[in-house]
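The paragraphs below lead through one protein chain and the ligand that accompanies it. Please look over the sequence and the structure before reading on.

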Amino acid sequence: MLEIKTIGVIGAGQMGRGIAQVAAQAGLEVLLLDANAALADKAHERIGRALDRLVAKEKVSSSERGEILARIHPKSDFADLSPCDFVIEAAPEREDIKLDIFTKLSKCTRDEAILASNTSSISITKIGACTNRPERVIGMHFMNPVPVMKLVEVVRGLPTSDATYQATVDLAHRFHKTTVAARDIPGFIVNRVLIPLINEACFALYEGLGTVEDIDVGVKLGLNHPMGPLELSDLIGLDTCLAIANVLHQELGDDKYRPCPLLKQHVAAGWLGRKTGRGFYTYDAQGKKVQA
Ligand code: CAA
């Protein structure tokens, strides 16, 4: 059985940082790779700040903080991933980017290494087909913010082996996550339900059913959700929400999934949510919401 000691995380954005953090907290060595070396270094600093908050809350001691951070190694070259037993890709939600990454991973990692994608909607079977080991390719879909959210969806492609599935579930458990198994059908379980909710909230705003705040407070208090759908879309990133909506629409072929024009417009304007300081709300430099 494959012993997992070193993992690679591809992509130093909000999901990649969160995955690297929980993996290092679980005692694994983490190679955090981004094509942009400066971004990988910056991600290391930001994980340090996230750990500082855990130290302040006395959830992690300051010596543990140092050990966790020392297990995360920023990298920018695929060749650095050769020691990895398991790789989790968390690059932007674009099929061409993911296929390119998995083609490279096939070449630069050992044949026994499992290759997982954090994709929220793209076919795992298709991703696996561009590698030399489709039986060792799997979906490992984390939720945002990764350190807080308990769920990982595990998605088997058509050729994914039982051993790969079991190793992935075991790894998620080491991260203290609960897993659900989802079929490799666009959106899997969570986004098949969530993205139509967010898209419908965009249509509600587009049609003037209420203000941004009315819609969010309505859903939050009316349905007892922790966040309204528009503020949640700002957290996820409107570009990511649109990319998933497009996959649902194109792949399932049903117009009920057509993305709202207002969502498309926000993305065209570069109003991508918290990460750009403006989405349906605006945010200050600390990421705190200032207004709708
Ligand atoms: N990173 C790490 N920790 C965070 C965090 C972040 N970005 N944001 C909040 N937290 C922590 C806080 O530090 C706090 O921890 P303690 O309880 O230990 O003090 C805890 O989470 C609660 O935070 P707050 O009190 O500040 O705020 P809150 O109670 O409103 O919770 C929230 C914030 C956890 C984000 C909550 O609003 C929530 O659960 N929202 C829904 C998130 C959600 O639905 N995520 C899934 C998105 S879908 C997805 O990711 C899949 C996809 O493919 C699109």
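A polar side-chain atom of Lys57 lies 2.6 Å from an oxygen atom of the ligand, a polar contact being a pair of N or O atoms within 3.5 Å. This is a predicted model, in which local features need pLDDT of at least 70 and side-chain atom pairs count only at pLDDT 80 or more, while totals for chains, interfaces and linings use all residues. Residues are numbered from 1 along each chain as its sequence is written, and side-chain values use heavy atoms, with hydrogens and water left out.

Polar side-chain atoms of two other residues also approach oxygen atoms of the ligand, that of His141 at 2.7 Å and that of Asn191 at 2.9 Å. On its own the ligand has 1000 Å² of accessible area (Shrake-Rupley method, 1.4 Å probe), and the protein covers 58% of this. Around the ligand there are 15 residues (a heavy atom within 4 Å), and by class this shell has nine nonpolar, four polar and two charged residues.

The protein chain is divided into domain 1 (6-182) and domain 2 (191-285), with bounds that come from an automatic or database domain assignment. Because both domains give residues to the shell around the ligand, the ligand lies between them. The C-alpha centres of domain 1 and domain 2 lie 26 Å apart, and their contact (heavy atoms within 4.5 Å) takes seven residues from domain 1 and six residues from domain 2.

Methods:
Polar contact = N/O pair within 3.5 Å; in protein donor to acceptor, adjacent residues only side chain to side chain. Nonpolar A, V, L, I, M, F, W, Y, C, P; charged D, E, K, R; others polar.
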